[in-house]
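Colleague: I am new to this structure and should like to understand the reasoning behind its description. May we begin with a single residue and its surroundings?

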Amino acid sequence: MPELPDVDIYIEALDARIRGARIEKAELKSPFLLRTVDPPLSSVTASEVARLRRLGKRICIGCSNGVWLVLHLMIAGRLHWNHKSGNVLASFTFSTGVLTLTEAGSQRRASLHLASGDDGLKAYDPGGIEVFEATAGEFDAVLRRENHTLKRTLTDPRLFAGIGNAYSDEILHHARLSPVALSQKLTAGESARLYASTRCVLGEWKSRLRTEAAGKFPEKVTAFREGMAVHGRFKQPCPDCCAPVQRIRYASNETNYCARCQTAGKLLADRSLSRLLGADWPRSIDELS
Ligand SMILES: [Zn+2]
């Protein structure tokens, strides 16, 4: 699922292409995509794009008439600019070009909501803090608000905005912390390290993705990036210590970690941990977001 770095790069690319542009046509190709009836989709036609912003993992396009288009790509939704490919769910014709939304597979989880004004938009904010706007103290307070595994805490959209399965693995590896350490048991030093690592990893990936896109519209958005330390790298060598990357599987999720770097060499038994993580995991993290 596109997370904070990917969504921010999408928004930067959209900002350069559609801010100030007129919306000539908004067309649904799949009736399941649109989850609200009021205001209607036709209400955005002929207005201009006034601003864009990210809300958690959502992409929000603000129109000059006060209506917001709120897109959640979920796992398989992707945006394309002047380029038709795949299973198109919606297309938006601007005076500057055509934006299409596609979704791979048949699950139909990507969504579009329309909201009236900034007050209407608030309904789509899960409430998590923006780590780049938070102080270390604010981060620490949110981290300890509930006692859960760090994996769940970081990916809970009610606590932290925009962090999902991929970047939480990378952040925890960078911070040298176990994915199943409990948030309220962290020392002050560990919490400070996690704060620094969260900002460092997300910031580094943002600039990396921006450099990769090189001004083009991001067309290669994936949860498995070359250059990630542990996420999606089961059995491959940890870039820092060369030990093989481990995994814990639970339901359709998988957490990757390095035992030498993060758990003092201890291998976390897959089966019992799956149970622990399974019990300490929102039924569907993606739906929560
Ligand atoms: Zn390692």
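Modeller: Certainly; please bear in mind that this is a predicted model. Beyond its neighbours within four places in sequence, V70 is in contact with R58, C60, L112, H113, A115, L121 and Y124.

Colleague: What makes these residues contacts of V70?

Modeller: The criterion is a C-beta separation within 7 Å. R58, C60, L112, H113, A115, L121 and Y124 are in contact with V70, so their C-beta atoms lie within that distance of its own.

Colleague: Which residues have the most contacts inside the largest nonpolar core?

Modeller: They are W68, L69, V70 and Y167, in a core of 65 residues. Helix 1 (residues 4–18) gives the most to this core, namely 7 residues.

Colleague: Why is this core said to lie between the domains?

Modeller: Domain 1 (4–122) and domain 2 (136–288) both contribute residues to the core, and therefore it lies between them.

Colleague: How far apart are the centres of the two domains, and how many residues does each give to the contact?

Modeller: The centres, taken over C-alpha atoms, are separated by 28 Å. The contact takes 17 residues from domain 1 and 17 residues from domain 2. On the side of domain 1 that touches domain 2, helix 1 has the largest share, with 9 residues. By class, that side holds 9 nonpolar, 2 polar and 6 charged residues.

Colleague: How do you know that strand 9 and strand 10 pair?

Modeller: Pairing requires at least two bridges. Strand 9 (residues 246–250) and strand 10 (residues 253–257) have 5 bridges, in the antiparallel sense, so they count as paired. Across this pair, I248 stands opposite T255 in strand 10.

Key: Residues are numbered from 1 along each chain as its sequence is written. This is a predicted model: local features need pLDDT of at least 70, side-chain atom pairs count only at pLDDT 80 or more; totals for chains, interfaces and linings use all residues. Helices (H or I, at least four residues) and strands (E, at least two) are DSSP runs, numbered from the N terminus. A nonpolar core is a set of buried Ala, Val, Leu, Ile, Met, Phe, Trp, Tyr and Cys residues joined through C-beta atoms within 7 Å. A residue is buried if 20 or more other C-beta atoms lie within 10 Å of its own, exposed if 12 or fewer, and partly exposed in between; C-beta atoms are placed from the backbone. Domain bounds come from an automatic or database domain assignment. Ala, Val, Leu, Ile, Met, Phe, Trp, Tyr, Cys and Pro count as nonpolar, Asp, Glu, Lys and Arg as charged, and the others, Gly among them, as polar.
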